[in-house]
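Trainee: Please give me a close look at a single helix, and then connect it with whatever else can be said with care.

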Amino acid sequence: MRRFAGAALLSLTAGCANVDYANTKPGKISGEMAVVWLKGTQGGSGDGTFVYVPTEREPLTLTRPEGKVRGHTITPSMIYTDGGSIPSFARMFDGLTPWHYGPAYIVHDWLFRARQCLNDGSKTPEFQQVADLTFEESAEIIAESIKALEDSGRVKKSAVSGAIVTAAVTSPFSYSHWVRTRACHEVSDEDAALAYDAVGRRPKVGDAAGLRNYRNAEGKLVRDSAAEVVAVISN
């Protein structure tokens with residue numbers, strides 16, 4: 001299963017960057033996001049392998065607060081994601097579930113995918129637009145995204161979880177993913193086709209796409225729909 005520097009990987013080690021979450025200004029999140037589950041990918045610290053699919057109508061976009069010039073507007077392209085890799089012991093904290101801050105996690109995961117591809121020499125224009133962002137700015141961006149969700153009323157405000165997530169993504173573990181090379185994992189043509197098929201023009205939760213053979217959680221070989229829309233979030 002493909003893994004990125006999941007937006008909420010918790011670390012008990014000291015941070016590599018210093019982000020003052022309490023005084024971070026909120027950005028603005030607009031558009032919508034569709035998330036497709038690739039069946040047969042259960043397990044790991046997240047809930048399986050998912051694909052974020054930008055919708056044709058109004059793709060997810062983060063606009064950073066006034067004064068933030070680098071990466072001022074970020075519109076993620078298709079990526080593999082696990083919705084924030086939250087260890088089970090940490091889910092007791094309010095707000096720390098894999099999809100609670102879904103749009104913020106997608107933006108952050110996409111920044112890491114872009115950075116890893118840039119590390120490998122990618123010249124993709126969409127990645128070049130965020131080439132000058134630093135590791136610390138990537139953490140600032142998830143804080144701005146979480147506060148955008150809270151200020152809009154889309155998620156409940158928390159005195160704990162937003163700060164914990166921001167602290168987690170400044171850790172040495174997270175930084176090691178930021179500087180990784182030979183880690184540019186693009187969505188395969190097969191998985192992209194399945195994801196687009198599942199979403200269609202008007203995605204609905206429960207829509208399925210295609211058939212393929214895979215082993216289920218019990219190890220039995222089954223033939224079933226290959227992908228399923230699990231969430232459509234409008235902002």
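Mentor: Helices (H or I, at least four residues) and strands (E, at least two) are taken here as DSSP runs, numbered from the N terminus. This is a predicted model, in which local features need pLDDT of at least 70 and side-chain atom pairs count only at pLDDT 80 or more, while totals for chains, interfaces and linings use all residues. Residues are numbered from 1 along each chain as its sequence is written, and side-chain values use heavy atoms, with hydrogens and water left out.

The helix I choose is α6 (189-199). At its start, a side-chain oxygen of Ser-188 comes to within 3.1 Å of the backbone nitrogen of Asp-191, and after the helix comes Gly-200, whose phi is positive, near 60 degrees. The buried residues of α6 are Asp-191, Ala-192, Leu-194, Ala-195, Ala-198 and Val-199, where buried means under 20% relative accessible area, exposed over 50% and partly exposed in between (1.4 Å probe, protein chains only). These residues cover an arc of only 160 degrees around the axis, which puts them on the same side of α6; the arc is that of the directions from the helix axis to the C-beta atoms. Asp-189, Glu-190 and Asp-197 are exposed, and they sit on the face of α6 turned away from its buried side.

The loop between α5 and α6 holds Cys-184, and Cys-117 lies in helix α1, so their pairing ties together parts that are 67 residues apart in sequence. Cys-117 and Cys-184 are joined by a disulfide, S to S 2.0 Å, the term standing for a pair of cysteine sulfur atoms within 2.5 Å, and by this rule the count comes to one disulfide. The torsion about its S-S bond is about 85 degrees, so the disulfide is right-handed. Cys-117 is buried at 0% relative accessibility, whereas Cys-184, with a relative accessible area of 28%, is partly exposed.

Helix α1 leads on to α4 (residues 161-168), whose buried residues are Ser-161, Gly-162, Val-165, Thr-166 and Ala-168. Seen down the axis of α4, they fall within an arc of 160 degrees, so they line one face of the helix. The buried residues of α4 pack against α1 (102-119), α3 (135-151) and α5 (172-178), contact being taken as heavy atoms within 4.5 Å. Ser-161 has 0% relative accessibility, and its side chain makes a polar contact with that of Tyr-101 at 2.9 Å.

From α3 one can pass to the sheet, since α3 lies across β1, β4 and β5 and runs at about 70 degrees to β1. That open sheet has three strands in the order β1-β4-β5, with antiparallel pairing. β1 (28-30) and β5 (73-74) stand at the edges, each with a single partner strand, so one side of each is left without a neighbour in the sheet. Strand β4 (residues 61-63) pairs with β5 in the antiparallel sense over two bridges, and Leu-62 stands opposite Ile-74 in β5.

Finally, Ala-17 lies in the segment before β1, and at 15% relative accessibility Ala-17 counts as buried. Leaving aside its neighbours within four places in sequence, Ala-17 is in contact with Phe-135, Glu-136 and Thr-170; Ala-17 and Phe-135 are 118 residues apart in sequence and 7.6 Å apart in space, C-alpha to C-alpha.

Two terms remain to be fixed. A polar contact is a pair of N or O atoms within 3.5 Å; within protein, one must be able to donate a hydrogen and the other to accept it, and residues adjacent in sequence count only if both atoms are side-chain atoms. Strands pair if DSSP finds at least two bridges between them, and angles run from 0 to 180 degrees between N-to-C directions, with axes as lines fitted to C-alpha atoms, for helices over the stretch in contact.
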